[in-house]
Amino acid sequence: MFLSTDQQQKPDALIFEANGNGSHRVTDEDDTSTAVESSVPTHPLGIKPLGNKYFHTGTDARVNLGDLQVLPDEMLAQLLEYLDKRTLRLLGYACKFLYAQCSYDDLWKIIFLESEFKDKSSFQWQGSWRATVLGLSPDKRIKIDCSNVFSDVLHRPFVCSHISLPKYTRNIPPANKIPSLDDLTYDEFAEKWSKKPFILTRCIKSWPVLKSWDMDKLHEMYSDVVFRAEAVDWSFDTYYQYMMDSQEESPLYLFDKKFAEKMKIEVGKTKDAAYWNPDCFGKDLFELLGAERPAHRWMIIGPERSGSTFHKDPNATSAWNAVIQGAKYWIMFPPSAQVPGVYVSEDQSEVTSPLSIAEWLLEFHAEARRLPECREGICHAGEILHVPSGWWHLVVNIEPGIALTQNFVPKAHLSDVLSFLKYKADQISGFKKEVEDPYTLFVERLRIEYPELLEEALKQMEEKQGNKKRRWDQVVGHDSTDGGSEHKKGGGFSFGFGFGDDIDGEDEIP
């Protein structure tokens with residue numbers, strides 16, 4: 001019943017096809033000269049894609065499900081989410097197919113987050129959520145041969161956790177490349193670059209953290225410090241164990257906004273500062289809010305494949321992201337672009353991207369790369385990338401890495417931030433509960449310090465709102481040039497049912 005050594009070898013396979021052992025070979029057909037290749041190894045339990053079932057001559061493990069055979073794999077997986085750890089474990093011993101289903105690690109991640117482990121910051125990570133919840137050290141684990149289990153639901157996440165990132169991050173078309181510069185002055189940024197993404201290669205070379213931080217040094221200095229990693233608060237020692245021994249499709253991303261206080265480091269141009277804001281971005285106008293400003297800076301740490309799916313930064317802010325160790329791949333689109341695989345509600349309050357980073361790369365990357373608005377680049381250690389206000393971006397670590405990031409409000413985007421705070425109050429994030437009206441608070445502070453800048457920004461904001469209203473009137477067929485009277489215009493549309501003419505018309509991750 002156990003996997004033999006021969007079964008665990010990586011067999012040859014066809015492009016994008018699973019061979020008899022469920023292994024894949026992925027070839028970059030867009031650039032055959034470099035032929036970037038990566039083999040997806042055999043699933044540790046021997047599980048194969050559903051398509052392989054049609055070439056299998058032996059017994060299909062699914063026949064042993066009994067009455068449960070009527071349920072598709074997706075529904076069965078959803079039902080298993082309601083089981084506790086004891087029931088899930090025991091059910092897995094009923095037959096091979098249920099063993100494969102009940103070993104799916106995302107089920108055990110749910111159990112972990114609902115168990116006593118949720119409140120523990122330090123514990124021994126055992127290489128998977130299942131092994132950690134059950135306390136299974138390597139010598140206590142068995143591998144049952146599930147090579148006659150055929151399921152895309154179980155095999156697809158394994159494929160996604162082993163995709164070849166270089167296939168997607170190399171050979172960036174010249175037209176897509178994010179510009180790379182040595183450095184910028186503030187005047188250059190304000191005049192030309194405030195609305196464009198770019199990478200600066202020499203801007204942060206003097207930061208002390210570039211010499212004093214790497215993964216092992218942080219582990220040595222801050223092993224007992226508890227940091228936020230998405231839904232959990234773990235000591236860095238625990239997260240370090242997880243990061244070094246995890247094969248998740250979407251690894252947990254350490255993303256902590258209170259890192260400076262926890263690590264007792266200084267930020268700013270002081271004698272003992274660990275780093276400071278780059279001069280080229282100029283004054284961060286949200287600094288006027290002092291202690292009332294929203295969350296704005298984070299330390300980010302993660303293994304290869306960790307990152308953030310497509311999103312815009314909160315409150316219409318701009319951002320910079322500085323890589324201390326490792327390298328990050330970025331793919332970006334301007335605010336008005338329609339990003340493949342990303343679905344946005346009409347008021348942009350809800351963004352749906354029902355895909356992990358790996359799935360998006362597999363399904364939509366090629367299409368996205370062909371769009372003229374697409375911008376891509378790799379930011380390496382010692383470099384810093386600028387994210388303009390409103391730009392869509394996906395970022396993924398192509399190797400284990402450490403980064404620092406900060407959201408800010410440059411003068412060039414003040415009107416965008418004011419407009420967001422005023423007209424999208426339900427989408428504001430990061431402010432403390434005591435700040436009931438961020439827009440009014442920000443305007444009051446600006447009026448004291450920068451009255452002329454405020455008046456200009458308010459004027460720009462109202463002009464943009466007026467343009468939006470005129471465009472809407474054109475779409476629905478309203479004529480706003482005739483004393484407010486409404487007329488149907490040829491360029492608009494009318495809506496009817498065809499029955500006649502009597503129908504009246506929390507913290508956000510940046």
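**Figure 1. Ser415 of helix 14, a buried serine in this predicted model.** Ser415 comes out at 2% relative accessibility, so it counts as buried, the cut-off being under 20%. Its home is helix 14, which runs over residues 414-423. The side chain isn't idle in there: at 3.3 Å, it makes a polar contact with the side chain of Gln460. Setting aside residues up to four places away in sequence, Ser415 touches Ala457, Gln460, Met461 and Lys464.

**Figure 2. Thr405 and a backbone oxygen.** Here we look at Thr405, part of strand 17 (residues 392-408). With 5% relative accessibility, Thr405 counts as buried. A polar atom of the Thr405 side chain sits 2.7 Å from the backbone oxygen of Trp320. Trp320 also shows up in the contact list of Thr405, along with His296, Arg297, Trp298, Ile300 and Asn321, once neighbours within four places in sequence are left aside.

**Figure 3. The largest nonpolar core, seen around Trp207.** This core has 59 residues, and Trp207, Trp213, Tyr239, Ile301 and Leu404 have the most contacts inside it. Helix 11 (residues 236-244) supplies the largest share, five residues. There's also a second, separate core of 23 residues, with Ile163, Tyr329, Ile331 and Trp392 among its members. Back at Trp207, and not counting residues up to four places away in sequence, the residues touched are Ala274, Tyr275, Trp276, Pro278, Trp320, Ala322, Ile324 and Leu404.

**Figure 4. Helix 4 and what covers it.** Helix 4 spans residues 105-113, and its buried residues are Leu107, Trp108, Lys109, Ile111 and Phe112. Yes, a lysine is on that list: Lys109 is buried too. The cover over these buried residues includes four other helices you can pick out by number: helix 1 (73-80), helix 2 (85-91), helix 3 (96-102) and helix 5 (129-134). Strand 6 (232-235) also helps cover the buried residues of helix 4.

**Figure 5. Leu181 in strand 3.** Strand 3 takes in residues 180-181, and Leu181 belongs to it. Leu181 is partly exposed, since its relative accessible area is 22% and buried would mean under 20%. Leu181 and Leu200 are 19 residues apart in sequence, but their C-alpha atoms are 5.0 Å apart in space. Besides Leu200, the contacts of Leu181 are Trp193, Ile199 and Thr201, leaving aside neighbours within four places in sequence.

**Figure 6. Positive phi at Lys264 and Asn315.** Most residues other than glycine have a negative phi. Lys264 goes the other way, with a positive phi of about 55°. Asn315 has a positive phi as well, near 60°. Lys264 lies in the loop between helix 12 (259-263) and strand 8 (266-267), while Asn315 is placed in the loop between strand 11 (307-311) and strand 12 (318-333). Are these two buried or exposed? Lys264 counts as exposed because its relative accessibility is 74%, and exposed means over 50%. Asn315 is at 3%, so it counts as buried.

**Figure 7. The chain as a whole, for orientation.** The chain carries 16 helices and 17 strands. It has 510 residues, and buried residues make up 50% of them. Its accessible surface comes to about 26,200 Å², with 49% of that belonging to carbon and sulfur atoms.

Definitions and conventions. Residues are numbered from 1 along each chain as its sequence is written. This is a predicted model: local features need pLDDT of at least 70, side-chain atom pairs count only at pLDDT 80 or more; totals for chains, interfaces and linings use all residues. Side-chain values use heavy atoms; hydrogens and water are left out. Buried means under 20% relative accessible area, exposed over 50%, partly exposed in between (1.4 Å probe, protein chains only). Helices (H or I, at least four residues) and strands (E, at least two) are DSSP runs, numbered from the N terminus. Contact means heavy atoms within 4.5 Å. A nonpolar core is a set of buried Ala, Val, Leu, Ile, Met, Phe, Trp, Tyr and Cys residues joined through side-chain atoms within 4.5 Å. A polar contact is a pair of N or O atoms within 3.5 Å; within protein, one must be able to donate a hydrogen and the other to accept it, and residues adjacent in sequence count only if both atoms are side-chain atoms. Accessible areas come from the Shrake-Rupley method with a 1.4 Å probe; for residues, only the protein chains shown count as cover.
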